[in-house]
Amino acid sequence: MNKQNSLIEQQLNHRTIREFTEDQISDQVISQLEEVAIHTATSTGMQYASVIRVKDPEKKAQIAEVCNQDYVARAPELWIFIVDLYRNTQIAKEHDADTVSSKQLERFLQGYSDAVLMAQNVNNAVESLDMGAVFLGSIQNNMGAMIDILQLPELTAPVLGLAFGHPNQEPQLKPRIPKEMRIFEDTYHYPDNAKEIMDAYDQEMTTYYDLRDSNRRVDSFYEQVVKKSNLRQSRREELIEDLRKQGFNVQPIE
């Protein structure tokens, strides 16, 4: 029996919302979303992620500039999810424990996955309340600037942003690559008819209109892949150095 509840229906109809009404979100709802954030599953129970709720209009404008997206500054709510090993390191120091492990890549990756899970959990809650949101991976355009804007201490780093509010647009449901190309059993499998599957998807993508430019269809998926492959974002190549400055033991790319 194919049973579909309201949560699954909501997830299958996920749309990115970039424009919001001026309606503010109540303190009660914000408090609920904060509870959702801190109750997210976490690696080994160590809770290596935290959230910064950005309310200062000047900071929001600065983050919008980092993201190169004006709508970020207009969003009623802007939350930045961060790796946070600073807190537990302070606890360890207070108890005269060794803190070397706090700098290890493994700990950073635990915090990174914690932060991503937290962001997705909050997004699900936002959508369940008939609001909309947009994930902001573009905060990685300049991690150093984000660290300065948010005044992040050592052993912390920005991972993902989430801007949300009451929707002021209704975008199309964006096509996805068929599950035959993304979900496998036991081992990785590249289907024999992969080109046929992807050709059909590539054609379907040309029917999608991105509301950031409502006068034209988006490029085909193949064209998008080629553009991304050829794109070099010099500031993003400094991410490793930014993380090293924050105290994480990661090695620069040779």
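In the predicted model, Ala157 is buried, since its relative accessible area of 1% lies below the 20% under which a residue is counted as buried. This residue belongs to strand S4, which spans residues 156-165. Leaving aside residues up to four places away in sequence, Ala157 touches Phe81, Ile82, Val83, Phe108, Met143, Leu152, Leu243 and Phe248. Among these partners, Ile82 stands 75 residues from Ala157 along the chain, yet the C-alpha atoms of the two residues are separated by 5.4 Å.

Strand S4 takes part in an open sheet of four strands, arranged in the order S1-S2-S4-S3 with antiparallel pairing. The edges of this sheet are formed by strand S1 (49-53) and strand S3 (132-136), each of which pairs on one side only. On average, and with direction ignored, neighbouring strands of the sheet are turned by 25 degrees against each other. Strand S1 is joined by five bridges to strand S2 (residues 77-84), and the two run antiparallel; within this pairing, Arg53 has Trp79 of S2 as its bridge partner. Helix H2, comprising residues 27-38, packs on the sheet and touches S1, S2 and S4, while the direction of this helix makes about 20 degrees with that of S2.

A further packing arrangement involves two helices, H3 (residues 57-67) and H7 (residues 143-150), whose axes lie 10 Å apart and enclose an angle of about 175 degrees. Because this angle is over 145 degrees, H3 is described as roughly antiparallel to H7. On the side of H3 the contact is made by Lys59, Gln62, Ile63 and Val66, and on the side of H7 by Ala145, Met146, Ile149 and Leu150. The residues of this contact comprise six nonpolar, one polar and one charged. Helix H7 also includes Met143 within its range of residues 143-150, and Met143 is one of the residues touched by Ala157 of strand S4.

With regard to annotation, the unreviewed UniProt entry assigns residues 14-166 to a feature given as "domain: Nitroreductase". Over this range, the chain of the model is 44% helix and 18% strand, and the C-alpha atoms at the two ends of the range are 14 Å apart.

Key
Residues are numbered from 1 along each chain as its sequence is written. This is a predicted model: local features need pLDDT of at least 70, side-chain atom pairs count only at pLDDT 80 or more; totals for chains, interfaces and linings use all residues. Side-chain values use heavy atoms; hydrogens and water are left out. Buried means under 20% relative accessible area, exposed over 50%, partly exposed in between (1.4 Å probe, protein chains only). Contact means heavy atoms within 4.5 Å. Axes are lines fitted to C-alpha atoms, for helices over the stretch in contact, and angles run from 0 to 180 degrees between N-to-C directions. Angles under 35 degrees count as roughly parallel, over 145 as roughly antiparallel, 65 to 115 as roughly perpendicular and the rest as oblique. Ala, Val, Leu, Ile, Met, Phe, Trp, Tyr, Cys and Pro count as nonpolar, Asp, Glu, Lys and Arg as charged, and the others, Gly among them, as polar. UniProt positions are given in the numbering used here, feature names are shortened, and annotations may be inferred rather than shown by experiment. Two strands pair if DSSP finds at least two bridges between them.
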